[in-house]
Amino acid sequence: MPFITSAIAEKNQYDVIVVGSGAGGGQMAYALTMEGARVLMLEAGRKYDPVTETPMFQTPEQAPLREAGTSDKRFGFFDATVDGGWEVPGEPYVQTRADAAGRFDWWRARMLGGRTNHWARIALRNGPYDFKPYSRDGLGFDWPISYEEMAPYYDKVELLIGVYGTNDGLENTPDSSPGCLLPPPKPLVSDLLIAQRARKLGVPVIAGHRAVLTQQLNWKTSPARLHPGNPTAQKLIAADMQRRAACFWATPCGRGCSIRANYQSPTVHLPPALASGQLDILTDAMVHEVTLGKDGRARGVRFVDKRTAKQRDVTARAVVLAASACESVRILLNSKSAQFPNGLANSSGKLGKYLMDTVGSSLVGQIPLLESLPPHNEDGAGGGHMYSPWWLYKEQLTGKLGFARGYHIEFGGGRGMPSLGTAAGLEWLTGGSYGAKFKEDARRYYGSFVGFSGRGQMIPNEDSYCETDPVVQDQWGIPVLRFHWKWSAHETRQAAHMQKTFAEIIEAMGGRVRGHVETDGAKAIAPGGRIIHEVGGAIMGADPKKSVTNKWCQTWDVKNLFLADGAPFPSNADKNPTLTIMANAWRVADRILERMRRKEL
Ligand SMILES: Cc1cc2nc3c(=O)[nH]c(=O)nc-3n(C[C@H](O)[C@H](O)[C@H](O)COP(=O)(O)OP(=O)(O)OC[C@H]3O[C@@H](n4cnc5c(N)ncnc54)[C@H](O)[C@@H]3O)c2cc1C
Ligand code: SF4
């Protein structure tokens, strides 16, 4: 019985407890169970089945406010996130500053699969430089591992979840091994124009990398690459791959995908893990403490069963936290004991430190060349078909740019299904129009807008961290997190550079910028947390005095306690973090399995 109650979970014997069912937890549970480990997954949110619950085919007029976003449904009525958002009822957090420059906003999802039900599915590999940033420019921290150590796991994750893209041989934008990537979708008309004009400015434009199946996964050869020497696992995953359909280019991926064509933990990681018979899942289980045995090892975890509001305890040989970076840190900070008065695994004092998000800034342009195009279907793969990787590595290294780390550009345009606001705010172009003229204007300008979003690397700093608040508690009496945040000039200058670049591309397309180009980076940059790529807080390293975990994301202080989300990241490359969270989780899972086989755990 894979979905179980807390009474059963308390009775059963497990090899590993995994806390959280998102990208990190899903990948960890998959990798462990397929290789025979018995796993209990605890998830604070409710059970969620994308196959039956995804509102894929509803049209905007079927929703209140024609699906417009509201404060409790920020990404629109049909968005996949249930019980989540910037605010989660009964689960507050504290911001030490309210202004945009010093604020950290925290997005959470409380549901099986976490944020993977919604995420934009942009799945980029970190490059070799991204694992050794300190060695390159003397700022931030190196990872205690190299790209070469992570590369086999990137290959495996791509083969398993399905990622489209191309190998382009560009600097610090790694190629995948042969057969790992699926063919990308065709570019949209606006993509082609952006590519043509941006390339003239020296900005590369290549196929996007997204976790969407553009064709069926290779279920004949991939299983042996994923699970060499394990025919049981190969059979399970081959069968599951055949049950996933390819994308039919019609519906917004942010609502989820009931045909399992994009990656969500509950459609990709959890079904084969459950089919292995080795995974039990307990939802509505809010973990708040890692419990310790007399031997100093983790015994298990303590959680609130949200259905009964009662405290429960479960045990296992090893514990893996994958509750999302800040939430895993919170659990550790709240696991206080005489031995660990400042939080578990915090002998270095580094727990909660070096929190990072992605630098973000956006600009929209209107392009006369794209006006009044003949009607055609441009729905596409529910997200970007192309993007621009960072290109100014050499200029940056020689100090010409005034900021140390780069960004990539995500862009979008085209004629997706119109929704509330599609023809709103045209006055700056039309001077204001009504009736038949307004309809004419709406048709003319529909599809002529392009949006650019920069996604850049933030350097970890001493002023961006979280700690537990001494007063505020959530509805179960668990102390909540208090956030401190500061951008450095490296990030604000980078944001100003993004604005300048986007304006240049828009101009090169013969277009005009909507609004103004922000030259003040402090105003151009999105507040901390807003890009929802938060990582850090439990840094991995080679020195126990300066880090929370070793290179295996195993805490220095508690040998059978591991982390499998973004918390141990020593840096946050411009590349969106989730593919790296998954690759790293699989790497850590292999280490746990190896140590269990050697009876060291
Ligand atoms: C709008 C949006 C767009 C995004 N787009 C991209 C993108 O294109 N590319 C990219 O790389 N990333 C993207 N991300 C970020 C991506 O979703 C996260 O990096 C990723 O989901 C992190 O995985 P995780 O397992 O650490 O956390 P999550 O996916 O958040 O999963 C954590 C799980 O743990 C559970 N949990 C939390 N606390 C507890 C507790 N105390 N006890 C038990 N369970 C708990 C949560 O309920 C949740 O289910 C996006 C995110 C959002 C919201
Ligand atoms: S666009 Fe494709 S992958 Fe995205 S939800 Fe629709 S069918 Fe699924």
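Helices here are DSSP runs of H or I with at least four residues, and strands are E runs of at least two. Counted this way, the chain has 17 helices and 21 strands. The radius of gyration is 24 Å, close to the 25 Å that the globule rule gives for 601 residues, so the chain is as compact as a globular protein of that length. Keep in mind that this is a predicted model.

**Whole chain**

Start with the full C-alpha trace. Along its principal axes it spans about 75 × 50 × 45 Å. Colour by accessibility next: 60% of the 601 residues count as buried. Then turn on contacts between residues at least 6 apart in sequence. Of these, 73% join residues at least 24 apart.

**Two domains**

Select 1–52, 105–144, 259–357, 461–486 and 537–601 for domain 1. Give a second colour to 184–207, 359–456 and 488–524, which form domain 2. The domain centres, taken over C-alpha atoms, are separated by 36 Å. Now show the contacts across the boundary. Here 13 residues of domain 1 are in contact with 14 residues of domain 2.

**Helix α11**

Select residues 325–334, helix α11. How many of its residues are buried? The count is 10 of the 10, so the helix is largely enclosed by the rest of the structure. Step along the side chains. The buried residues include A325, C326, V329, I331, L332 and L333. E327 and R330 are also among the buried residues, as are S328 and N334.

**Second largest pocket**

Go to R136, D137, Q396, A404 and R405. Of the 19 lining residues, these lie nearest the centre of the second largest pocket. Its volume is about 260 Å³. Which helices supply at least two residues each of the lining? They are α4 (128–131), α5 (133–137) and α12 (393–397). Switch back to the domain colours: domain 1 and domain 2 each give at least three residues to this lining. By class, the pocket lining divides into 7 nonpolar, 7 polar and 5 charged residues.

**Largest cavity**

Now look for enclosed space. The structure holds 4 cavities of 30 Å³ or more. The largest cavity has about 120 Å³ of space. To find it, select L124, T173, P174, H209 and Y387, the closest to its centre of the 17 residues that line it. The lining of the largest cavity has 7 nonpolar, 5 polar and 5 charged residues.

**Second largest cavity**

Move on to the second largest cavity, with about 100 Å³ of space. Select M56, C247, T251, C253 and C257. Of its 17 lining residues, these are the closest to the centre. What is the make-up of this lining by class? It divides into 12 nonpolar, 5 polar and no charged residues. Check the domain colours again: this cavity lining draws at least three residues from each of domain 1 and domain 2.

**Last stop: T251**

Stay at the second largest cavity and centre on T251, one of the residues closest to its centre. T251 lies in the loop between α9 (231–243) and α10 (265–275). Is T251 buried or exposed? T251 has a relative accessible area of 16%, and buried means under 20%, so T251 is buried. Finally, show its partners. Leaving aside neighbours within four places in sequence, T251 is in contact with M56, F57 and G382. M56 appears here again, as it is also among the residues closest to the centre of the second largest cavity.

Definitions and conventions
Residues are numbered from 1 along each chain as its sequence is written. Chains are lettered from A and ligands numbered from 1 in the order in which they are written. This is a predicted model: local features need pLDDT of at least 70, side-chain atom pairs count only at pLDDT 80 or more; totals for chains, interfaces and linings use all residues. Side-chain values use heavy atoms; hydrogens and water are left out. On a 1 Å grid over the protein atoms alone, a cavity is a set of points where a 1.4 Å probe fits but cannot get out, and a pocket is an open set with protein on both sides within 12 Å along at least five of seven lines; lining residues have an atom within 4 Å of a point. Grid points are joined across faces, edges and corners, and a volume is the space filled by probe spheres set on the points. Ala, Val, Leu, Ile, Met, Phe, Trp, Tyr, Cys and Pro count as nonpolar, Asp, Glu, Lys and Arg as charged, and the others, Gly among them, as polar. Domain bounds come from an automatic or database domain assignment. Buried means under 20% relative accessible area, exposed over 50%, partly exposed in between (1.4 Å probe, protein chains only). The radius of gyration is taken over C-alpha atoms; the globule rule is 2.2 Å times the number of residues to the power 0.38. Contact means heavy atoms within 4.5 Å.
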